[in-house]
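Trainee: Before we settle on any labels for this protein, could we go through the reasoning behind them together?
Mentor: Gladly; let us look at the model and then take the terms one at a time.

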Amino acid sequence: MISKYSDVNFEIGSYVSEKEIINKIQNEDFDLIIDKVNEKFISKEVVSKKIAEHNYYFVYNPDFFKFNGLVDIYELENYPIVLKDRIGKNGSAWMKVSFKQVITCRSDENILDLVKKGVGIGLYPKELAAKEGLEIIKLKDYTPSKRTV
């Protein structure tokens, strides 16, 4: 694809803050960005289109773990929790304090790989979990985090 559009500059990166992304668009450093963002953060000055919305739930591979009925989130504290390392108000810092074993990853794909191998329980998009053979843990009083692409 890049050779077909040789006059277009492609940059693939990770861990750019949402604020930095907005600044780069406003400064015309970027023309187009595809990213998972907090929908509430998107500036009104930037034209955006929602491609997908993901709700992040705790998921597990049923070949390695079993959960039945409603589970209290504190019952998960003794399991390894696999999640994306995020900063900011929707960050992962509270989970690092709440759980005894936290494995942080750079992407949802890394989380998927580890959860499928039975390494732990992951925070992963509900919309993608079933097609990957993962089950959702039904938690009491849990509001999933939501990310928009």
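**Reasoning from values to labels**

Mentor: In this predicted model, the protein has four helices and six strands, and along the sequence they follow the pattern α-β-β-α-β-α-β-α-β-β.

Trainee: Why is F67 called buried?
Mentor: The relative accessible area of F67 is 15%, and the label buried applies under 20%, so F67 falls on the buried side of that cut-off. As for its place in the chain, F67 lies in the loop between β1 and β2.

Trainee: Which residues does F67 touch, once those up to four places away in sequence are set aside?
Mentor: F67 touches Y60, L76, Y79, I121 and I137. In addition, the C-alpha atoms of F67 and I136 are separated by 8.9 Å, although these two residues are 69 residues apart along the chain.

Trainee: And why does T104 count as partly exposed?
Mentor: T104 has a relative accessibility of 36%; since buried requires a value under 20% and exposed one over 50%, T104 belongs to the class in between and is therefore partly exposed. T104 is found in strand β3, which covers residues 101–105, and its C-alpha atom is separated by 5.9 Å from that of V82, a residue 22 residues apart from T104 along the chain.

Trainee: What makes a set of residues a nonpolar core, and how many residues does the largest one have?
Mentor: The members must be buried residues of the listed kinds, such as Leu, Ile and Phe, joined through side-chain atoms within 4.5 Å. The largest nonpolar core has 17 residues, and those with the most contacts inside it are F58, F67, L76, I121, I137 and L139. Strands β1 (53–60), β2 (80–84) and β4 (121–125) each supply at least two residues of this core, and the largest share, four residues, comes from β1. Apart from this core lies another, of nine residues, among them V82, V115, Y124 and L134.

Trainee: Which residues is L139 in contact with, leaving aside its neighbours within four places in sequence?
Mentor: L139 is in contact with F58, L70, V71, D72, I73 and L76.

Trainee: What share of the protein's residues is buried, and what is its accessible surface?
Mentor: Buried residues make up 34% of the 149 residues, while the accessible surface comes to about 10400 Å², of which 50% belongs to carbon and sulfur atoms. Among the contacts with a separation of 6 or more, 61% are accounted for by residues 24 or more positions apart.

Methods: Residues are numbered from 1 along each chain as its sequence is written. This is a predicted model: local features need pLDDT of at least 70, side-chain atom pairs count only at pLDDT 80 or more; totals for chains, interfaces and linings use all residues. Side-chain values use heavy atoms; hydrogens and water are left out. Buried means under 20% relative accessible area, exposed over 50%, partly exposed in between (1.4 Å probe, protein chains only). Contact means heavy atoms within 4.5 Å. Accessible areas come from the Shrake-Rupley method with a 1.4 Å probe; for residues, only the protein chains shown count as cover.
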